[in-house]
Amino acid sequence: MTGPPRYSSGPRNRLGDVHEQTPLGDVFLRSLLKEQLALAFRVLVLIALTLGLLPLVFHLWPDLGDVRVAGIPVAWVVLGGLVYPFLLLVGWRYVRSVERNERDFADLVEGPDPGQSS
């Protein structure tokens, strides 16, 4: 054979496709953006359902307004004591998931680390 090889023997680094904005790089970026948007939508739905249903719960069961936990009305306990840790947990999980998506994307476009053995 005298011509250049047509197929590479190892995995190709696709980072150039992303930087050069080739059609393949565009597919990779759209895939990442689509996954990140879907994750954000799921988190927003979770928060909206969880926190959005609280007023409905207190409306449907007005006797909950009379219930006290350690002398504090249960509504205050839920809104002041449980909502913020819930939001922190959801935010922490969201950031971890976004970072995992970005790591997976980087692994996809950069290929495997040459120092790792398969």
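**Getting to know a three-helix chain**

Reader: Let's start with phenylalanine 41: is it buried or exposed?
Author: This is a predicted model, and in it phenylalanine 41 sits in helix 2, which covers residues 23-60. The cut-off for exposed is over 50% relative accessible area. Phenylalanine 41 has 56% relative accessibility, so it counts as exposed.

Reader: Which residues make a nonpolar surface patch with Phe41?
Author: The patch comes to about 710 Å². Besides Phe41, its members are Val45, Leu49, Leu53, Leu56, Leu60 and Trp61.

Reader: Okay, zooming out, what pattern does the protein chain follow along the sequence?
Author: There are three helices and two strands to place. Reading along the sequence, you get α-α-β-β-α.

Reader: And how much of the protein chain is buried?
Author: Some surface background: the chain exposes about 9,600 Å², with carbon and sulfur atoms supplying 64% of it. To count as buried, a residue has to be under 20% relative accessible area. Of the 118 residues in the chain, the buried share is 18%.

Reader: What is the distance between the end C-alpha atoms of helix 3, and why does it agree with the expected span?
Author: Helix 3 runs over residues 74-110, which is 37 residues. At 1.5 Å a residue it should span 54 Å, so the distance found in the model agrees. That end-to-end distance is 52 Å.

Reader: Where does helix 3 bend?
Author: The bend is about 35 degrees. A proline, proline 85, follows within four residues of the spot. The bend itself is at leucine 82.

Reader: Is asparagine 101 buried or exposed, and why?
Author: Asparagine 101 lies in helix 3, where the buried residues also include Val98 and Phe105. Setting aside neighbours within four places in sequence, asparagine 101 is in contact with Leu32, Glu35, Gln36 and Leu39. Its relative accessible area is 11%, and the cut-off is under 20%, so asparagine 101 counts as buried.

Reader: What about isoleucine 47: which residues is it in contact with, leaving aside neighbours within four places in sequence?
Author: Isoleucine 47 lies in helix 2, and at 23% relative accessibility it counts as partly exposed. Its contacts are Gly52, Leu87 and Val90.

Reader: How far apart in space are isoleucine 47 and valine 83?
Author: Valine 83 is one of the buried residues of helix 3. In sequence, isoleucine 47 and valine 83 are 36 residues apart. In space, C-alpha to C-alpha, the distance is 10.0 Å.

How values were computed: Residues numbered from 1 in each chain as written. Predicted model: local features only at pLDDT ≥ 70, side-chain atom pairs only at ≥ 80, totals over all residues. Heavy atoms only, no water. Patch = residues over 30% accessible without salt bridge, like charges linked within 9 Å, V, L, I, M, F, W, Y side chains within 5 Å. Areas by Shrake-Rupley, 256 points an atom, 1.4 Å probe, with all protein chains shown as cover. Salt bridge = Lys/Arg side-chain N within 4 Å of Asp/Glu carboxyl O. Buried < 20%, exposed > 50% of the residue type's maximum accessible area, 1.4 Å probe, protein only. Expected span 1.5 Å × (residues − 1). Bend = angle between axes of the 7 residues up to and from the residue. Contact = heavy atoms within 4.5 Å.
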